[in-house]
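Biologist: Could you take a close look at one part of this protein with me? I would like to hear about the salt bridges, with a little of the surroundings to place them.

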Amino acid sequence: MKKQLYLLIILLSTAVFAQQKQVITSIDTIKNKIGAEFKLSIKTTVDTSAKVIFPKLKNFGALEVIQSYPIDTVKMDGRYELIKKYGLTQFDSGRYVIPSIKIFINSKPFMTDSLLVEVANVKVDTLKQKMFDIKGIAAADDSLGNWWKYLLIVGLIIGLGAFIYWYIKKHQKKKLEAEIFKTPIEKATSLLNTLEKKELWQKGEVKAYYSELTDIARNYIEEAIEIPAMESTTSELIEGLRMASVKKKMALSQETIVNLERVLKQADLVKFAKSKPLDFEITEDRNKIQKAILTLDSSIPVEVPVEEDTLLNEAQRQKQIEIQLRKKRKKRIVLTISSVAFILVATTAFFIILKGFDYVKDNIIGNPTKELLEGEWVKSDYGNPGIIIETPKVLKRVDLTKTLPKDGMALIKEMQSFAYGSVQDNFYLMVSTLKYKQEGEIDLAKSMDGALQSLESQGAQNMIVKQEDFETKEGIKGLKAYGTFSKIDSNKGISAKLYYEALLFSQEGGLQQIIIFHEEGDDYANQISERVLRSVELKQASK
């Protein structure tokens, strides 16, 4: 019965299936000092024609391979007995699992047995070793009490974003109102005044000045007289202007056309022949353009607009304004979002530099385990024999009976399991209790070994194991195992290092188990684990 109970503990989380021993695994010792050699032996007996491949590894789990010995070959009754030895070591104390590895015999894989070994610590002479007092308690970071500061920061950011949006909107509205003109002459006159304010030719930008000056004249002619002035050469423009003046019956003098032609040709020389007019010539050219535009405008026959045409023109003007307003609104939104995003990034960077990334992640971005720690905890009774425990969330009932073989379930009278999260998460808490049909003494150390080997079978790698006695507040004694292991996420293809703690208690006819694991280095998860384990209370098993 006792052996059956040990086997059942191993099968508590996952089934273990036996296979015929084609490969035999042994080790010279299961306990050694730090840095000492464990000599692992793998033996197999095969036909003389068989091809056997032993792996070339640098590590067996958390143990380092310091020596790969040559294969010993012994011929026995027409068969070969092959023995491969590896020298393993570890420079940190604790209990370690040597995982199963694949041996290929004629391309067929065979698994070795996993073994549990212990690396003993080196004794320290406390009389010669200098000792130090325990450090005082550090003051807690009362980040929760400063919630109003974060609220103030968020309010400032929102207020600043609103101000930027309002300022851009107001500025663009004024600019848009300035750009919408009722008549071509208003537009031309305004653009000429703006050009003079730029003082381009005074700054030596004569070419840019003449380019804008002639564009103003060409735009006016195209809009007011309706000829393709922008895409015409100087000769074509002057010829088109003469024809339009006759067609439209414009009272236009020859002097006006000649003066306009001279300025346009002067501009062509400046732009394409790098001509440099004198200052007084530039001023005269500007005056000629202005006078030509005014003369052209006054020479255009005035037509009394029909009311419908007036309404149509006003509708077109309003439509044009609406289109430009929509464009400006989109631009304003983009600028506001960009400004707020910049402020957020700058603020985050400031706090990272001032407080560190962990502070920003925990208090601004958010930390799931911190939220668990600071949330409302629940104290409940789970299973039979009952475990009274305090947890950040209510544990949900899970069914582990489906993972056990039928012969194992035949020994169990009652089994109950409760968990938060899943074994695939980076934070997991499980409470499990069971009662056997027949009472018997349970060896907690061997039961713990079986439980840890079951974790390995579920994907735990490079497991480091340390054990110590544990006692509840009521004085009930149990066994505690703790350490680290690596877990590979097959979906994301990344590896995470997890810290685990496991408690085992045995009562007459029952077993009580608590397992917690989380990401190594997560201070908030460490605090959760400590609080959970401090709260453990056990009930006696009911008949």
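Biologist: To set the scene, what percentage of the 543 residues of the protein count as buried? After that, please go through the salt bridges closely, pair by pair.

Modeller: Happy to! Please keep in mind that this is a predicted model. Of the protein's 543 residues, 38% count as buried. The fold contains 13 helices and 22 strands, and the protein exposes about 33,300 Å², with carbon and sulfur atoms supplying 55% of that area. Sequence separation is a useful thread here: among contacts between residues at least 6 apart in sequence, 61% join residues at least 24 apart.

Now to the salt bridges. Side chains of opposite charge can pair when their charged atoms come close. Searching the whole structure for such pairs turns up eleven salt bridges, and I will walk you through three of them, starting with lysine 187 and glutamate 223.

The side chains of lysine 187 and glutamate 223 meet at 3.2 Å, N to O. Lysine 187 belongs to helix H3 (residues 184–198) and glutamate 223 to helix H4 (residues 206–224), so this salt bridge ties together parts that are 36 residues apart in sequence. Lysine 187 counts as partly exposed because its relative accessibility is 28%. Glutamate 223 is also in the partly exposed class, at 37% relative accessibility.

The second pair involves glutamate 212 and lysine 198, whose closest N and O atoms are 3.3 Å apart. Here glutamate 212 sits in helix H4 and lysine 198 in helix H3, and the pair links distant parts of the chain, 14 residues apart. With a relative accessibility of 29%, glutamate 212 counts as partly exposed, and lysine 198, at 36%, counts as partly exposed too.

For the third pair we move to glutamate 390 and arginine 531, which form a salt bridge of 3.0 Å, N to O. Glutamate 390 lies in strand S14 (residues 387–391), while arginine 531 lies in helix H13 (residues 523–534), so the pair joins parts that are 141 residues apart in sequence. Glutamate 390 has 22% relative accessibility and therefore counts as partly exposed rather than buried, as buried means under 20%. Arginine 531 is partly exposed as well, with a relative accessible area of 28%.

Charged side chains also turn up in another setting. Lys319, Arg326, Arg329 and Lys330 gather on the surface in a patch of positive charge. One of these, arginine 329, has its place in helix H8 (residues 307–355). Its relative accessible area is 38%, so arginine 329 is partly exposed.

Finally, a loop residue gives you one more example of contacts across the sequence. Asparagine 106 is found between strand S10 (102–105) and strand S11 (108–111), and it is partly exposed, with a relative accessible area of 48%. Leaving aside neighbours within four places in sequence, asparagine 106 is in contact with Ser49, Ala50 and Lys51. Asparagine 106 and valine 46 are 60 residues apart in sequence, yet their C-alpha atoms are 9.7 Å apart in space.

Conventions. Residues numbered from 1 in each chain as written. Predicted model: local features only at pLDDT ≥ 70, side-chain atom pairs only at ≥ 80, totals over all residues. Heavy atoms only, no water. Patch = residues over 30% accessible without salt bridge, like charges linked within 9 Å, V, L, I, M, F, W, Y side chains within 5 Å. Areas by Shrake-Rupley, 256 points an atom, 1.4 Å probe, with all protein chains shown as cover. Salt bridge = Lys/Arg side-chain N within 4 Å of Asp/Glu carboxyl O. Lys, Arg positive; Asp, Glu negative; His and termini not counted. Charge placed at Lys NZ, Arg CZ, Asp CG, Glu CD. Helix = DSSP H or I, 4+ residues; strand = E, 2+ residues; numbered from the N terminus. Buried < 20%, exposed > 50% of the residue type's maximum accessible area, 1.4 Å probe, protein only. Contact = heavy atoms within 4.5 Å.
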